[in-house]
Amino acid sequence: MARAGPAPRQRRRRGPYSSLVPPAPPTPGHAVTGAEAAAAAAAAERGLRLAARIVLSCARSARLRRGAGSPGRRAASRLRSQRCLLPPDSLHLSGAKVSPGGCCFSDFGEETRKLFGKRGGCSWRRERWGSLLGIVRALSPGERLPPAASPHSGGRNSLARPSQPRCGGGAPSQPCRCCRNLPGAATTRSDTSGIARFSGTMATPRRRTKKKASFDHSPDSLPLRSSGRQAKKKATETTDEDEDGSSEKKYRRCEKSGCTVACPVCFASASERCAKNGYTSRWYHLSCGEHFCNECFDHYYRSHKDGYDKYTTWKKIWTSNGKTEPSPKAFMADQQLPYWVQCTKPECRKWRQLTKEIHLTPQIARTYRCGMKLNSTTVKRVSEVSNHWWYSMLILPPLLKDSVAAPLLSAYYPDCVGMSPSCASTHRAAGSTSPGKLEPSKAAPSAPAPGMNRYFQPFYQPNECGKALCVRPDVMELDELYEFPEYSRDPTMYLALRNLILALWFTNCKEALTPQKCIPHIIVRGLVRIRCVQEVERILYFMTRKGLINTGVLNVGTDQHLLPKDYHNKSVIIIGAGPAGLAAARQLHNFGIKVTVLEAKDRIGGRVWDDKSFKGVTVGRGAQIVNGCINNPVALMCEQLGISMHKFGERCDLIQEGGRITDPTIDKRMDFHFNALLDVVSEWRKDKTQLQDVPLGEKIEEIYKAFIQESGIQFSELEQQVLHFHLSNLEYACGSSLHQVSARSWDHNEFFAQFAGDHTLLTPGYSVIIEKLAEGLDIRLESPVQSIDYSGDEVQVTMTDGTGCTAQKVLVTVPLALLQKGAIHFSPPLSDKKMKAINSLGAGIIEKIALQFPYRFWDSKVQGADFFGHVPPSAGKRGLFAVFYDMDPQKKQSVLMSVVAGEAVASVRTLDDKQVLQQCMAALRELFKEQEVPDPTKYFVTRWSTDPWIQMAYSFVKTGGSGEAYDILAEEIQGMVFFAGEATNRHFPQTVTGAYLSGVREASKIAAF
Ligand SMILES: Cc1cc2nc3c(=O)[nH]c(=O)nc-3n(C[C@H](O)[C@H](O)[C@H](O)COP(=O)(O)OP(=O)(O)OC[C@H]3O[C@@H](n4cnc5c(N)ncnc54)[C@H](O)[C@@H]3O)c2cc1C
Ligand SMILES: [Zn+2]
Ligand SMILES: [Zn+2]
Ligand SMILES: [Zn+2]
């Protein structure tokens, strides 16, 4: 599970893709013994993968280094309903395979064999987790390098510049089969076998381009290889005119089959002998409206002609930066075709052709005005561009010049991501030596573009994987292919425009991105620019609908809807004004769709509820932490609002009752054992013969007992207490006692790319975002919905007071706990499948306490850390105030916040606030026994479990359940009833981010219906 707390003890977190980096060595000098140390590397390595999700609970600290399960990602089929631009490679990451040649379980003792439920034989030989985990590692040799990260897995790597490491293993001198086929590997430049088609995605078919230039025997490419005379001969042989015996021709048709032009005109006018619109021995076809004559071809291609130097200079630059063949046609398209620009006068809007010496700039495109009438030929050529067939007759895809995306994509071949290799912006980083070889450091992933928020990393870098909401710049995702199937043959134009749009959006996310703002940045020669301008609108609308751009707290005026009119004629009722409901409402409202939000409470926000009554600090009674900021929509909204977050520090000392700070070696040792326990759980569940799910708590206890028994290790009382501290963090993460949680699926979402990067405290509180999302929306507070009738043509929603309203669609975002209790009556009733899924998830609960003190009594001991841990004195008390957060990053105000989790939640339910406060103060006085701890001047205790409209904190998978239930919850009914909320987001459950994204997802679905 990923969960909702901070990551106070986040020490060596490396994120869910940490499997790409070598495991951290065991900490020297800590108390783990020899065999443990050996296994520690393995455990730590996996642990890191889990890191991101865990952060929620500071307690998670431990989990930050642990990891159960491999970092898999979502299944392709689910891409449809989620934000679909996640990397499809993730498919491969779900679970390492057991190597047939791996060790057998005969190394395990009887008890442990039973736990694994298979293979037996030898006795338990080694004593420690080290041996257990060592074997476990041997059984999972493939885990460290997820397939997606390897070039074997697909197109992204193959399109990276060649200096990128290409093979996850094996000596470079002995490339594996896959590597040999990689386009771009030094020896395979013209190899055509490795076009990345992977999991339904489509890589830029640059290889096809090259093949055409090199080997294609079509009339188009032949002359590129033959002499002018040969070309003339062949052409002569095939023309009708020749059949009648005539030797003098007035003109010649273009030989490209399907070309619609009767009398081509040479656009190049480069040679003095240019055929212009007359006879040439051969026409070179670029598009149906663009040809050049054989004389102009010779002008650049023949070494004794004037244009040769220009061509060779260009060729050199192209070769050193690009990947496609530097052919004369590419030269003409890149350097000689005229630019087309549209007159900006509203009453004109005609397309004009600039002379070829004029380089189009965004400035010219923004301001161009014509004064002349277009001649009819030009008009015809322009109008033809819109035809469906025109694009199929285009020989070379458009490669944008000076694309805004260039700084973000410098590690790729420009022509593989829709950019021209010839312009300065796409030149390889200065200082790299051999052409096409980019030093790894230069291609280092994740370097933000200048001026861009560092949390915005919309594009994967070569060899990167596992980052949520990140796209491959060289690959169309499945949902893109569904929407734009015409680009499946050659996705370059789509990629060029999509990458440009994403880069423009993340460069300025405070304003809506419109087609008009994109168009001036489409700099490409030829008629294809007209086509690009037409296409950019469609692509932009698609990305807007999906919530990839023009999202967050953006608030557009009623006359500036983000989607065209066809989308507007819908009405939607949204039930619940939490993050999910408000996200959907904001999106739909911005699209131009009529939305009404019905909220039961007298306030918006749901489980976001900030207390601003403490002096100088905002304390979230509900959410306040952001778990992984890279590409997190919360980070986007903070940027839009100009809010900065506080990045949590790593330090989190564990203080024992009595006041001692736990020796770091004990802390590390028990952290290690805790992670090892979870690692064994994840090995256990790989065994598919173990059909039965069991509670996570039970499984951990079972493994722990077997280990103690077989290893003979005795943990001290303190060590056991520290272990309980870690378990308590896990309970905080799950929002439940471990005895309710599924051992099989407790961390189901870890199989999908999770949010990487910093874990932060949203100091001003989530409500700043919530309020902005809600601005200008039709929200009706104190309107609790009692029933939804969708048996007719419209949905009828009735409130508890009997009043009602109707709409075409309804979006339900109420908390899972209320769905479980049937708080809303559906007619017809929800299907058994849906009810089963609803009941297979758990409505987790935690409570918070916050206290303001007259002064910061903890400062000298805690030394500026953002949190400190409380080692529970016994197992029975482990959920009570396990971590204390210092709520003022400036370290001026004196406010602490802590959490009650696990079994302890039930114990405080019967207490009144004052009694809970007393327990908390007693704990603090134990932790700071050496000093006077003042009484708080102010405090609050939350009661989420008894809040009638919430009744929970966040969801988890109950024993016997699975992550699939989240998807089933999200399924819409008859195109009328839709569901959003944190418990409908399989990839990102439990969090505000997940709730928000589920709202965006449903808005997209509703708009498309
Ligand atoms: C103590 C606590 C700490 C948390 N910490 C974090 C954290 O640090 N980071 C993080 O990301 N997440 C955290 N979370 C989780 C996060 O708050 C939730 O995941 C998120 O708010 C869920 O949003 P939602 O829109 O799905 O549901 P909600 O926010 O619950 O919104 C649902 C709305 O529906 C309304 N409603 C219910 N029934 C009806 C009805 N019949 N008619 C009309 N309206 C109705 C409710 O009043 C509510 O406003 C925390 C939660 C809690 C409780
Ligand atoms: Zn010519
Ligand atoms: Zn032609
Ligand atoms: Zn004009």
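In this predicted model, I begin with Arg498, whose side chain reaches the backbone oxygen of Val475 at 2.6 Å. Arg498 is placed in helix α20, which covers residues 492-507. Is Arg498 buried or exposed? Its relative accessibility is 0%, and because buried means under 20% relative accessible area, Arg498 counts as buried.

Let me turn to the zinc ions, beginning with ligand 3. Which residues coordinate this zinc ion? They are Cys254 and Cys259, each through SG, His285 through ND1, and His291 through NE2, at 1.9 to 2.3 Å. The 4 donor atoms subtend angles of 107 to 113° around the zinc ion, and therefore the arrangement is tetrahedral. Along the sequence, the donor residues of ligand 3 are spaced C-x4-C-x25-H-x5-H. Cys254 lies in the loop between α12 (240-243) and β3 (283-287), whereas His285 lies in strand β3, so this pair ties together parts that are 31 residues apart in sequence. Both Cys254 and His285 are buried.

The other zinc ion to present is ligand 2. Its coordinating residues are Cys266, Cys274, Cys293 and Cys296, each through SG, at 2.1 to 2.4 Å. What arrangement do the 4 donor atoms around ligand 2 make? Their angles run from 102 to 116°, which makes the arrangement tetrahedral. The spacing of the donors along the chain is C-x7-C-x18-C-x2-C. Cys274 is found in the loop between α12 and β3, and Cys296 in helix α13 (residues 294-301), so the two tie together parts that are 22 residues apart in sequence. Cys274 and Cys296 are both buried.

I close with ligand 1. How many residues surround ligand 1? There are 42, and the closest are Ala580, Glu599, Arg607, Glu982 and Val992. By class, the residues of this shell divide into 25 nonpolar, 11 polar and 6 charged. Two helices, α23 (579-591) and α35 (992-1008), each supply at least two residues of the shell.

Several contacts involve oxygen atoms of ligand 1. In the side chain of Glu599, an N or O atom is 2.5 Å from an oxygen atom of the ligand. A polar backbone atom of Gln990 is 2.9 Å from an oxygen atom of ligand 1, and for Gly606 a backbone N or O atom lies 3.5 Å from one. How much of ligand 1 does the protein bury? Taken alone, ligand 1 exposes 990 Å², and the protein buries 100% of that area.

Notes: Residues numbered from 1 in each chain as written. Chains lettered and ligands numbered in written order. Predicted model: local features only at pLDDT ≥ 70, side-chain atom pairs only at ≥ 80, totals over all residues. Heavy atoms only, no water. Near = heavy atom within 4 Å. Polar contact = N/O pair within 3.5 Å; in protein donor to acceptor, adjacent residues only side chain to side chain. Areas by Shrake-Rupley, 256 points an atom, 1.4 Å probe, with all protein chains shown as cover. Helix = DSSP H or I, 4+ residues; strand = E, 2+ residues; numbered from the N terminus. Nonpolar A, V, L, I, M, F, W, Y, C, P; charged D, E, K, R; others polar. Donors = N, O, S within 2.8 Å, 3.2 Å for Na, K, Ca; no water. Tetrahedral: all angles 85-135°; square planar, octahedral: opposite > 155°, others 65-115°. Buried < 20%, exposed > 50% of the residue type's maximum accessible area, 1.4 Å probe, protein only.
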